[in-house]
Amino acid sequence: MTQSHSFAHAVITWAHDAGRHDLPWQQNRTRYRVWVSEIMLQQTQVATVIPYYERFMRDYPKVSDLAAASMDDVLAHWSGLGYYARGRNLHKAARLCVDEHNGDLPVTLDALMALPGIGRSTAGAILSLADNQSHPILDGNVKRVLARHYGVDGFPGKAQVLNTLWQLSEEQTPVNNARDYNQAMMDLGATLCTRSKPQCLICPINRTCVARQEGTPEKYPGKKPKKDLPVKTTHLLVLCDRARGVWLEQRPPSGIWGGLWSLPETTDAVADDHKQLTRTLQKYGLRCVSKNRKPVPPNKLNAFRHTFSHYHLDITVLEVAVEAAPRAVMDCQQGVWYNGGQWPGGMAAPMKKIEPLLIASLNNRFIGINEPITNLPEITP
Ligand code: SF4
């Protein structure tokens, strides 16, 4: 038995007894079911994914069902899973499958990788797990196992390190049993060769593992070099109308929180500049409510930081008491007046922090505009 055969054999034999066999996406494995699970599992824990996966499969059992759904409906199914580009890409790719591949996922690596949101590892996982085609994979779990076992230094985000890991994955993937091998590698990474405290003593490949011999498995894979992220600032506006509620709008399909529902956002200096605030409100056909003949100033409800992979966004939440402006024409994104209850669609990430403030703001408008708000829920930045 060659070294790579013995590696694969040891991992597959271990998984036969100790691997995971009861996950929902391991039953009735079709390319579609594997695809949806692989996309949901990116950056998300198995336990979190299971209820989302089951709901998704119940409502969209076939590619054509997903393609026929509206983007709004798909994003509502994704709401809470995060990384919404994944949901948008699934939907786009499903429509392409219907238009160009007879309503199913294509059966070649290249055709799969041409679909939005499907990279080499996901394509390899779909074809190996569903159809037992021999393709290597390199998800986070497999990267960790290979980097440790072969002592591959460096951050896998670097091209050279990534190429080395792909080469190792290719060498180890068996021709005839890629399904069991790839599943076994994912299981090994998820259950034994975990990020912290790997269980080397009971690992099936511990005798040949470089990281174990060195005594420092956790140093692999190498960490991302730290760099300071730039900081941007913005406002989210709680436009509170005594009669109608709080204005919510659906964000444009591309850009951050694309297609999701949020408070209106503006980078204009609306907190201290009344003229600017007036101009901003005009887009919504609104104006500030006045009290004693003076416009009621905005009320700062909260400020917090939301961090993306490439920048920090410092968000200030401003409550503005508004009313319809006479003869004004609304010129803004699609929106609704919200009065509590069900959110109109997928929720933009920071709204989870802000939602309790909206309820307080909605309740408060019946007490009297710009009364001091008491008993606000505490929000951590
Ligand atoms: S011996 Fe330890 S570090 Fe090496 S692959 Fe197994 S669990 Fe991971």
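Helices here are DSSP runs of H or I with at least four residues, strands are runs of E with at least two, and both are numbered from the N terminus. Keep in mind as you work that this is a predicted model.

**Exercise 1. Find the unusual backbone spots**

Task: Which peptide bond is cis, and where does proline 221 lie?

Solution:
- Step 1. Start with the general rule: most residues other than glycine have a negative phi, and most peptide bonds are trans.
- Step 2. Now look for a peptide bond that is cis: the one from tyrosine 220 to proline 221, with omega near -15°.
- Step 3. Place it on the chain: proline 221 is in the loop between α12 and β1 (231–241).
- Step 4. Try phi in the same spirit. Asparagine 28 is not a glycine, but its phi is positive, near 45°. Its place is the loop between α1 (3–18) and α2.

**Exercise 2. Divide the protein into domains**

Task: What are the bounds of the domains, and how many residues does each give to the contact?

Solution:
- Step 1. Read the bounds from the domain assignment: domain 1 covers 3–219 and domain 2 covers 232–364.
- Step 2. Take the centres over C-alpha atoms; they are 39 Å apart.
- Step 3. Turn to the contact between the two: domain 1 brings seven residues and domain 2 brings 12 residues.

**Exercise 3. Explore the pockets**

Task: How much space lies in the largest pocket, and which elements give two or more residues to its lining?

Solution:
- Step 1. The volume is about 1,600 Å³.
- Step 2. The lining has 48 residues, with Gln43, Asp139, Gly140, Asn141 and Arg195 closest to the centre.
- Step 3. Six names answer the second part: α2 (31–41), α6 (85–100), α8 (120–131), α9 (140–149), α10 (159–172) and α11 (178–191) each give two or more residues.
- Step 4. Sort the lining by class: 18 residues are nonpolar, 17 are polar and 13 are charged.

Task: Why does the second largest pocket lie between domain 1 and domain 2?

Solution:
- Step 1. First, its space: about 410 Å³.
- Step 2. Among its 17 lining residues, those closest to the centre are Tyr83, Tyr84, Trp257, His306 and Phe308.
- Step 3. Two elements give two or more residues to this lining, namely α6 and β8 (299–307).
- Step 4. By class, the lining has seven nonpolar, eight polar and two charged residues.
- Step 5. Here is the reasoning: domain 1 (3–219) and domain 2 (232–364) both supply lining residues, so the second largest pocket lies between them.

**Exercise 4. Locate the ligand**

Task: Where does the ligand sit, and which residues surround the ligand?

Solution:
- Step 1. Search the whole structure for cavities of 30 Å³ or more, and you find two.
- Step 2. The largest cavity holds about 110 Å³ of space. Its lining has 16 residues, and Arg148, Cys193, Cys200, Cys203 and Cys209 are the closest to its centre.
- Step 3. Check the elements: α9 and α12 (210–214) each give at least two residues to this lining, and α9 gives the most, with three.
- Step 4. By class, the cavity lining has 11 nonpolar, three polar and two charged residues.
- Step 5. Now place the ligand: it sits in this largest cavity.
- Step 6. Around the ligand you find Arg148, Cys193, Pro198, Cys200, Cys203, Ile205, Asn206, Cys209, Arg212 and Pro217.
- Step 7. Finish by sorting that shell: seven residues are nonpolar, one is polar and two are charged.

Notes
Residues numbered from 1 in each chain as written. Predicted model: local features only at pLDDT ≥ 70, side-chain atom pairs only at ≥ 80, totals over all residues. Heavy atoms only, no water. Near = heavy atom within 4 Å. 1 Å grid on protein atoms, 1.4 Å probe; cavity = no way out; pocket = protein on both sides within 12 Å on 5 of 7 lines; lining within 4 Å. Sits in = over half its atoms within 2 Å of the grid points. Nonpolar A, V, L, I, M, F, W, Y, C, P; charged D, E, K, R; others polar. Points joined across faces, edges and corners; volume = space filled by probe spheres on them. Domains from an automatic or database assignment. Contact = heavy atoms within 4.5 Å.
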